[in-house]
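Below are my notes on the model you sent. They are numbered so that you can reply point by point.

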Amino acid sequence: MTADTVLFIDYATTVKLLSVPDAMAACEDVFRMHARNAVKWSVPPSQKLDVGAPFHNHWHVKTVILEDEPIAGVRLYSYYDDGVRNTVGRLDCARYIVLADAKTAQPLCILDEHWTYAIRSAAAAMLALKWLGPKAPKTLGLVGVGTMGENCLRCLTHIYRFEEIVCTSRRPETREAFAAKWSKKLGIPVRPLASIEDVVRASDVAIGGTTRTDIVSREPWVKTGATFVSLARREMDPAGWARFDKVVIDDWDCNMTVRDFKDMIESGQFDRTRLHADIGQVVAGLKAGRERDDERILIHTTGMVSHDIGIAWRIYRQARAQGLGIPLPTAVAQAQFGPRD
């Protein structure tokens, strides 16, 4: 792009240009960048505006530079949450990424990130199973069958061939509909269960991906040789973290910005000396992945803006190459309309 234009990439174009394997590959590339210390964060890493009644607005802004590309990106999103209606995963909340050339700060792109965020959150966690999951798991367990659960399943079909899937959710109708849909799609049994404990106990790979704020699953439920993936908040009881054979997270500093994680550390339930590795260290071969079939492993991710920017950069380059997106005029292009003395 020239200084005259910024490329706007709409939601439909992001869906067209980013497949599930593409998202997983981009996340893997970014994890390797983290292992090389080639990622620069903003300070503080996240800026938030959380406003209660009558607005119930939540705004978050995050910024990062990927030095190897080099590309700079800002991610901003907002959602509404009054305790009854939460728009965080819906298409009618604001989600945008702005990309700029890291060497010049020249703006390049504005990208709608509804699809990229939805699949990134799953892809960054699921790809870690290539190193930390069981070799040949038979049963997948999904605790939560919303957007996150579906996207995790989309990713996992590119890694494993399960013999069965068990799932649960708060409402019987949602888990039953999920089971019917994916059993037909995958051609394997998908069984809806009422109990979270039953799902986790049955699973070789268990995924905790709910929107709950209370403790969801507990360590004694995770069987020998299984991997549990926690995608948010307290999907796994903090009291049980230290009893896993290995605990691997996406990034310590990012997680320390999350109240529930920080509370766990400050209460003494877990500490950095008991952490096996960051995912990037495992992906890059700096730390071991699964070493024994009987290991019980916990993977926990809070999500990193570096993945969002890495994926957006990949899409932007494809859009440019294929002539997709909408060029928007910049101030440079419209300088003749500027203020006059």
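1. Pro-54 sits in the loop that links β3 (47-51) to β4 (57-66). The peptide bond leading into this proline, from Ala-53 to Pro-54, is cis, with omega near 5 degrees. The model is a predicted one, and the cis geometry here is a feature of that prediction.

2. There is a cis bond at Pro-70 too: the peptide bond joining Glu-69 and Pro-70 is cis, and omega is about -15 degrees. Pro-70 belongs to the loop between β4 and β5 (71-80). Strand β4 therefore has a loop with a cis proline on either side, given that β4 covers 57-66 and that Pro-54 lies in the loop between β3 and β4, while Pro-70 lies in the loop between β4 and β5.3. Two residues other than glycine have a positive phi. For Asn-37, phi is near 55 degrees, a positive value in a residue other than glycine. Asn-37 is in the loop between α2 (20-35) and β2 (39-41). Its relative accessibility is 62%, so Asn-37 counts as exposed.

4. For Arg-233, phi is near 45 degrees, again a positive value in a residue other than glycine. Arg-233 lies in the loop between β12 (227-230) and β13 (246-249). Is Arg-233 buried, exposed or partly exposed? At 42% relative accessibility, Arg-233 counts as partly exposed, because partly exposed covers the range between the buried limit of 20% and the exposed limit of 50%.

5. Next, the interior. The largest nonpolar core has 70 residues, and the members that touch the most others are Leu-99, Met-126, Leu-140 and Ile-207. Leaving aside residues up to four places away in sequence, Leu-140 touches Leu-153, Leu-156, Phe-162, Glu-164, Ile-165, Val-166, Ser-203, Val-205 and Ile-207. A second, separate core has 24 residues, among them Val-200, Trp-221, Phe-244 and Val-247.

6. Leu-298 is placed in strand β15 (residues 297-300). Its relative accessibility is 0%, so Leu-298 counts as buried. Which residues does Leu-298 touch, not counting residues up to four places away in sequence? They are Phe-228, Ser-230, Met-236, Trp-241, Phe-244, Lys-246, Val-247 and Val-248. Phe-244 and Val-247 in that list are also members of the second core. The C-alpha atoms of Leu-298 and Ala-242 are separated by 9.7 Å, with the two positions 56 residues apart along the chain.

7. Thr-13 is part of helix α1 (residues 11-17). With 10% relative accessibility, Thr-13 counts as buried, because the cut-off is under 20%. Thr-13 and Leu-111 are 98 residues apart along the chain, and their C-alpha atoms are separated by 9.5 Å.

8. Helix α5 has helix partners that merit separate checks. Helix α3 (residues 114-126) packs with α5 (residues 147-156) at an angle of about 60 degrees, the axes being 9 Å apart. That angle is why α3 counts as oblique to α5. The crossing of α3 and α5 is right-handed. On the α3 side, the residues in the contact are Trp-115, Ala-118, Ile-119, Ser-121, Ala-122, Ala-123 and Met-126. On the α5 side, they are Thr-147, Met-148, Asn-151, Cys-152, Cys-155 and Leu-156. By class, the residues of this contact divide into 10 nonpolar, 3 polar and no charged. Met-126 of α3 is also one of the members of the largest core that touch the most others.

9. The packing of α5 with helix α6 (residues 172-186) is at an angle of about 15 degrees, with the axes 13 Å apart. The angle is under 35 degrees, so α5 is roughly parallel to α6. The crossing of α5 and α6 is right-handed. Glu-150, Leu-153 and Arg-154 in α5 meet Phe-178, Lys-181, Trp-182 and Leu-186 in α6. This contact has 4 nonpolar, no polar and 3 charged residues.

10. How many of the 10 residues of α5 are buried? The count is 7, and the helix is mostly covered. The buried residues are Gly-149, Glu-150, Asn-151, Cys-152, Leu-153, Cys-155 and Leu-156. Asn-151, Cys-152, Cys-155 and Leu-156 are in the contact with α3, whereas Glu-150 and Leu-153 are in the contact with α6. Leu-153 and Leu-156 are also touched by Leu-140.

Definitions and conventions
Residues numbered from 1 in each chain as written. Predicted model: local features only at pLDDT ≥ 70, side-chain atom pairs only at ≥ 80, totals over all residues. Heavy atoms only, no water. Core = buried A, V, L, I, M, F, W, Y, C linked by side-chain atoms within 4.5 Å. Buried < 20%, exposed > 50% of the residue type's maximum accessible area, 1.4 Å probe, protein only. Contact = heavy atoms within 4.5 Å. Helix = DSSP H or I, 4+ residues; strand = E, 2+ residues; numbered from the N terminus. Axes fitted to C-alpha atoms, helices over the stretch in contact; angles between N-to-C directions. Parallel < 35°, antiparallel > 145°, perpendicular 65-115°, else oblique. Left-handed = near helix turned anticlockwise from the far one by under 90°. Nonpolar A, V, L, I, M, F, W, Y, C, P; charged D, E, K, R; others polar.
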